[in-house]
Amino acid sequence: MSLQDPIVIIGGGIGGLAAALALSHKGFKTLLIEQAEEFREVGAGIQVGPNGFRVLETLGVADQVRELTVLPDDLIFMDSVSAEMVTTIPTGAAFRERFKYPYALVHRADLHSVLLAACRESADVEFRIATKVVGYEDDGLSVCVTTDQGETIRGCALIGADGLWSKVREKIVGDGALVVSGHIAYRAVLPIEDVPLEFRRNSMILWGGPKSHLVQYPLRGGKLFNLVAVFHSDRYVEGWNTEGDPEELRRRFAGTCDTVQTLLSKIESWRMWVLCDREPVKNWSQGRTTLLGDAAHPMLQYLAQGACMAMEDGVVLAQEIEKCQGDFESAFKAYQARRYLRTGRCQVMARVHGEFYHAEGVAAELRNNMLGTRTPEQAYAGLSWLYDAVI
């Protein structure tokens with residue numbers, strides 16, 4: 001192995017960029033390979049909890065990201081049938097004092113662009129676009145990846161940040177097809193001018209109902225309005241950016257309150273994706289190769305932690321590579337040992353929250369009664385396992 005060989009990272013999403021940036025801070029050279037024609041992020045709004053901001057601070061980009069976020073006043077859970085407010089978690093000064101960092105709403109593309117710009121400023125990060133990796137070989141001394149053009153690229157180690165449909169995972173874990181949840185998400189972003197004034201709250205609001213829920217919140221300083229509608233369905237389309245079916249959406253949200261119906265009616269075109277995850281595993285490394293983010297621990301979106309967990313992975317991975325001074329096999333084992341219980345808990349709890357949001361009948365009444373009696377302090381205590389973690 002040449003000392004000049006970089007660490008190869010497959011996948012130029014948020015997790016891959018975070019790993020490259022974290023490794024550059026430790027003085028390691030990386031080659032970031034992306035199969036798309038450009039580095040970009042598909043999607044709309046995401047939520048970044050205090051643990052995510054802690055990572056962004058470690059990466060040196062917290063201030064840049066904060067400038068592009070909306071800091072909501074609260075997180076609100078509404079009953080989508082009765083239109084009653086079930087519970088509120090204030091996310092203002094008391095929240096920031098408790099968790100040391102804010103809760104933020106940001107456009108996925110904005111977060112991605114900040115990480116990309118920081119990586120481009122580093123001489124230790126090299127980029128390859130329009131390059132599809134079709135296989136790799138790890139001989140114990142180096143890793144060679146093969147592209148669909150027949151090119152071989154050598155690295156001292158390999159990080160698979162290639163998402164839900166990871167080809168690297170197939171070789172390491174080999175656990176077959178994704179677990180299809182039976183839930184579909186439709187997303188859309190509106191100019192704020194298209195949203196009636198009474199709905200323009202500086203809050204993240206979740207409308208929970210029978211086998212469905214709707215999320216609304218502002219983006220980009222309140223200039224945009226993000227909507228995500230989730231419902232149970234037996235459809236399956238691989239990917240993140242398929243055209244949605246407005247007729248199916250209306251059927252699935254029949255019986256919800258006027259506010260939910262009004263918000264849904266404001267959208268003429270929806271993009272959809274099928275929600276999938278996998279069973280948690282404790283090993284996602286082999287030799288000089290490891291996984292990161294959705295490739296390692298794909299989770300449903302109900303905890304709003306997919307991006308945060310991927311960024312945490314990148315920071316922890318860089319720490320362990322530095323500690324092990326080039327012994328990548330040991331570093332990768334230490335990295336996953338630090339991560340698998342935390343990410344596994346997120347995977348499991350995301351499923352639980354999905355059932356919680358979509359409860360009906362007696363289960364919905366129990367949910368509303370339980371949440372309705374919670375104080376903000378009790379809500380904060382319930383989130384401490386997630387937001388207090390120090391990596």
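**Group meeting talk: sheets, rings and a buried threonine**

Good morning. I begin with a charge and a ring: Arg120 lies over the face of Phe127, at 5.8 Å from the ring centre. A second such arrangement involves Lys171, whose charged end sits over the ring of Tyr136, 4.3 Å from its centre. Please bear in mind throughout that this is a predicted model.

Let me turn to the sheets. One of them is open, has six strands in the order β7-β2-β1-β11-β19-β18, and shows mixed pairing. Its edge strands are β7, residues 125–128, and β18, residues 285–286, and each of these pairs on one side only. At the β7 end, strand β2, residues 30–33, runs parallel to β7, and four bridges join the two. Within that pairing, Ile33 stands opposite Arg128 in β7. Helix α1, residues 14–25, packs on this sheet and touches β1 (7–10), β2, β7 and β11 (157–160). The direction of α1 makes about 160° with that of β1.

A further open sheet has three strands, ordered β8-β9-β10, with antiparallel pairing. Strands β8 (133–138) and β10 (152–155) each have a single partner strand, so one side of each is left without a neighbour in the sheet. On average, neighbouring strands here are turned by 20° against each other, direction ignored. Five bridges support the antiparallel pairing of β8 with β9, residues 143–147. As one point of orientation, Gly135 stands opposite Thr146 in β9.

I now come to the aromatic side chains. A pair of aromatic rings is described by the distance of the centres and the angle of the planes. In this model the count comes to 14 aromatic pairs. Consider Phe77 and Tyr357: their ring centres are 6.0 Å apart and their planes stand at 40°, so the pair is tilted. Phe77 belongs to strand β4 (residues 74–79) and Tyr357 to helix α10 (residues 328–357), so the pair ties together parts that are 280 residues apart in sequence. Both Phe77 and Tyr357 are buried.

Another pair, Phe95 with Tyr380, is edge-to-face, with 5.6 Å from centre to centre and 75° between the planes. This pair also links distant parts of the chain, since Phe95 lies in helix α4 (residues 93–99) and Tyr380 in helix α12 (residues 376–387), 285 residues apart. Are these two residues buried or exposed? Phe95 has a relative accessibility of 0% and therefore counts as buried. Tyr380 is buried as well, with a relative accessible area of 6%. The two residues belong to one aromatic cluster, formed by Phe95, Phe99, Tyr103, Tyr380 and Tyr387.

I close with a single residue, Thr289, which lies in strand β19, residues 289–291. Strand β19 is part of the six-stranded sheet, placed between β11 and β18 in the order. Thr289 is buried, with a relative accessible area of 1%. Which residues does Thr289 contact, leaving aside its neighbours within four places in sequence? They are Tyr136, Asp138, Val143, Leu158, Val168, Ile172, Trp284 and Phe332. Several of these have appeared in this talk already by residue or by strand. Tyr136 is the residue whose ring lies under the charged end of Lys171. Tyr136 and Asp138 fall within β8, the strand at residues 133–138, and Val143 falls within β9, residues 143–147. Leu158 falls within β11, residues 157–160. Thank you for your attention.

Conventions
Residues numbered from 1 in each chain as written. Predicted model: local features only at pLDDT ≥ 70, side-chain atom pairs only at ≥ 80, totals over all residues. Heavy atoms only, no water. Pairing = 2+ DSSP bridges. Axes fitted to C-alpha atoms, helices over the stretch in contact; angles between N-to-C directions. Contact = heavy atoms within 4.5 Å. Phe/Tyr/Trp six-rings, centres within 6.5 Å; stacked < 30°, edge-to-face > 60°. Buried < 20%, exposed > 50% of the residue type's maximum accessible area, 1.4 Å probe, protein only. Lys NZ or Arg CZ within 6 Å of the ring centre and 35° of its normal.
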